[in-house]
Amino acid sequence: MRITDLYVTGVGAHVPDRVSTPDAVARGYYDAGRAARDGIDAVAVATDLSAPEMAALAGQEAVAMAGGIDAADVRTVFHTYVDYSGARFWDAAPYVALHTVGASARGYDIRQSCNGSLAAIELASHLVPRVGGSVLVTSGERFDTDGVNRWQADPQSVFGDGAGAVVLSGRGGFAKVLSAASAADNRLEGESRGGRFHPNMAAHLDFEALREDYLREQVPLREHWFAMEQVLRGALKEALADADSTIDDIAYLVPINPTYPMLLGMLEHLIPLPEARTTWDIGRITGHVGGADHLIGLHHLVTTGKAGPGDKILFAGGGTGFTGTYVIIEMTGEAPR
Amino acid sequence: MTETNTVAWAPWFETTLRAQLALLEGEALDPDRLLVACGLTSFGWMVVADDLRCWVTLPEELLLPSTFRTARSLWAAVCDALADDEETP
């Protein structure tokens, strides 16, 4: 979808203290062999704040950067996360809304796993032109619930904690949202549950075992891969076309933060850009912070000055479902400091 | 056949697999080393399976993470598939 009137006016991030990979290996958390191959230098690990509290901090920074915007103008908060957020039978978005833009903003939890932030930005691109005002998108993640070993649960990533935020407005900003495109194939939804349901929420999380069961019993690998490739290539093609861009026009790619071999695979098979034009430099010292990866990556590019006017930034996401979303923005000015 | 540690596999097998092992560089291919540690990810599973088709077609039921875990497990799957091919009239 081509987007004409949506701008980035503020970004925020909260990344807690990191545990270095050597430290994690020495403490027995992280397998030494995995550490050697994964290419992750450190992982952000929260010790006090919950995921929504970190999201609120990131949101406050984004709203502050948005400066000229009255908090009352932010009528909607989309908040996204992957795992448990600190309370049951409870949604986190109203908490984040209350502690960022006030009591009257509508808060909606958006669950699209690691694709959540990009899905929320795409939803905002539909909402803002119709109802006006601004939308705050936040994501907060904490991966230390029972049964989740952040270091070993998934051979394709190491999970980090943290939060990110972005304020999107129809009235101008330092970056323009050019396009957003999503594609889905819901036949693939069973991958992350191993093709079956689990009555015990605290069950040990082992993504490799879940993938094995799913591919054996539900969708064969060849069919799964072809369908996922169709989703990801189709959405990327649409996002680039609607941004009047080619892949060569992209200055930076902000993907999810997998392990280094997975990143290389992504660049070789799906998105032909060099590693130097990705946010791997921040990803390798945060770990995979779920849906917050994209927002922390944007915050990194903007606040370090790596991305400047004229740079186009491609965000690439995929979440259980399977849904893939790509968003392209173009820096039109310097972000407020 | 080439003798590598305790596994004798066909040269074409190692050549095909090595093409997807970006992190292996010039090292010997240890049959029990995790292939993901050598750079093979889920992105590469389909490429390996497709490239092996010049010699053998791995059946769908063998295209699993456990098959691509090590060179030994992948070679075992290849041998099973080759045996099935020989049995097929």
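Two residues are in contact when heavy atoms of theirs lie within 4.5 Å. With that in hand, let us walk through the structure, which is a predicted model.

A good place to try out the idea is A:Arg284. This residue sits in the loop between α9 (280-283) and α10 (293-303) of chain A. Which residues is A:Arg284 in contact with, leaving aside its neighbours within four places in sequence? They are A:Gly39, A:Ile40, A:Asp41 and A:Ala42. The relative accessible area of A:Arg284 is 28%, so the residue is partly exposed: the label covers values between 20% and 50%. As for A:Asp73, 211 residues away from A:Arg284 along the chain, the C-alpha atoms of the two are separated by 36 Å.

Now step back and take in chain A as a whole. Its secondary structure comes to 10 helices and 11 strands. Chain A has 337 residues and a radius of gyration of 19 Å, close to the 20 Å of the globule rule, so the chain is as compact as a globular protein of that length. If you lay a box along the principal axes, the C-alpha trace spans about 50 × 40 × 35 Å. Buried residues account for 59% of the 337 in chain A. The contacts tell a story of their own: take those between residues at least 6 apart in sequence, and 80% of them join residues at least 24 apart. On the outside, chain A exposes about 13,000 Å², of which carbon and sulfur atoms supply 52%.

A:Gly318 gives a glimpse of the strands of chain A, for this glycine lies in strand β10. Is A:Gly318 buried or exposed? Its relative accessibility is 19%, and because buried means under 20%, A:Gly318 counts as buried. Not counting residues up to four places away in sequence, A:Gly318 touches A:Cys114, A:Asn115, A:Thr323 and A:Gly324. The C-alpha atom of A:Gly318 is also 8.6 Å from that of A:Gly116, although the two positions lie 202 residues apart along the chain.

Follow the chain onward from β10 and you come to a feature of the backbone. A:Phe322 is found in the loop between β10 (312-319) and β11 (323-331) of chain A. The peptide bond that leads from A:Gly321 to A:Phe322 is cis, with omega near 0 degrees.

Two other loops of chain A also deserve a look at their backbone angles. In the loop between β4 (74-80) and α4 (93-98) you will find A:Phe89. Phi of A:Phe89 is near 55 degrees, which is a positive value in a residue other than glycine. A:Phe89 has a relative accessible area of 85% and is therefore exposed. The other case is A:Asp244, placed in the loop between α7 (221-242) and β9 (250-254). A:Asp244 is not a glycine either, yet it has a positive phi of about 50 degrees. With a relative accessibility of 57%, A:Asp244 counts as exposed.

Next comes chain B. Its three helices and two strands follow the pattern β-β-α-α-α when read along the sequence. A compact globule of 89 residues would have a radius of gyration near 12 Å, and the 12 Å of chain B agrees with that. Taken along the principal axes, the C-alpha atoms of chain B fill a box of roughly 40 × 30 × 20 Å. Of the 89 residues in chain B, 47% are buried. Among its contacts between residues at least 6 apart in sequence, 53% join residues at least 24 apart. Chain B exposes about 4,300 Å², and carbon and sulfur atoms supply 53% of that area.

Finally, let us see a place where the two chains meet. Two packed helices are described by the angle between their axes and the distance between the axes. Here the pair is helix α8 (residues 260-269) of chain A and helix α2 (residues 42-52) of chain B, whose axes come within 8 Å and cross at roughly 55 degrees. That angle makes α8(A) oblique to α2(B). Which residues meet across this pair? From α8(A) come A:Met262, A:Gly265, A:Met266 and A:His269, and from α2(B) come B:Ser42, B:Phe43, B:Gly44 and B:Val47. Sorted by class, this contact of α8(A) with α2(B) has four nonpolar, four polar and no charged residues.

Key: Residues are numbered from 1 along each chain as its sequence is written. Chains are lettered from A and ligands numbered from 1 in the order in which they are written. This is a predicted model: local features need pLDDT of at least 70, side-chain atom pairs count only at pLDDT 80 or more; totals for chains, interfaces and linings use all residues. Side-chain values use heavy atoms; hydrogens and water are left out. Axes are lines fitted to C-alpha atoms, for helices over the stretch in contact, and angles run from 0 to 180 degrees between N-to-C directions. Helices (H or I, at least four residues) and strands (E, at least two) are DSSP runs, numbered from the N terminus. Angles under 35 degrees count as roughly parallel, over 145 as roughly antiparallel, 65 to 115 as roughly perpendicular and the rest as oblique. Ala, Val, Leu, Ile, Met, Phe, Trp, Tyr, Cys and Pro count as nonpolar, Asp, Glu, Lys and Arg as charged, and the others, Gly among them, as polar. The radius of gyration is taken over C-alpha atoms; the globule rule is 2.2 Å times the number of residues to the power 0.38. Buried means under 20% relative accessible area, exposed over 50%, partly exposed in between (1.4 Å probe, protein chains only). Accessible areas come from the Shrake-Rupley method with a 1.4 Å probe; for residues, only the protein chains shown count as cover.
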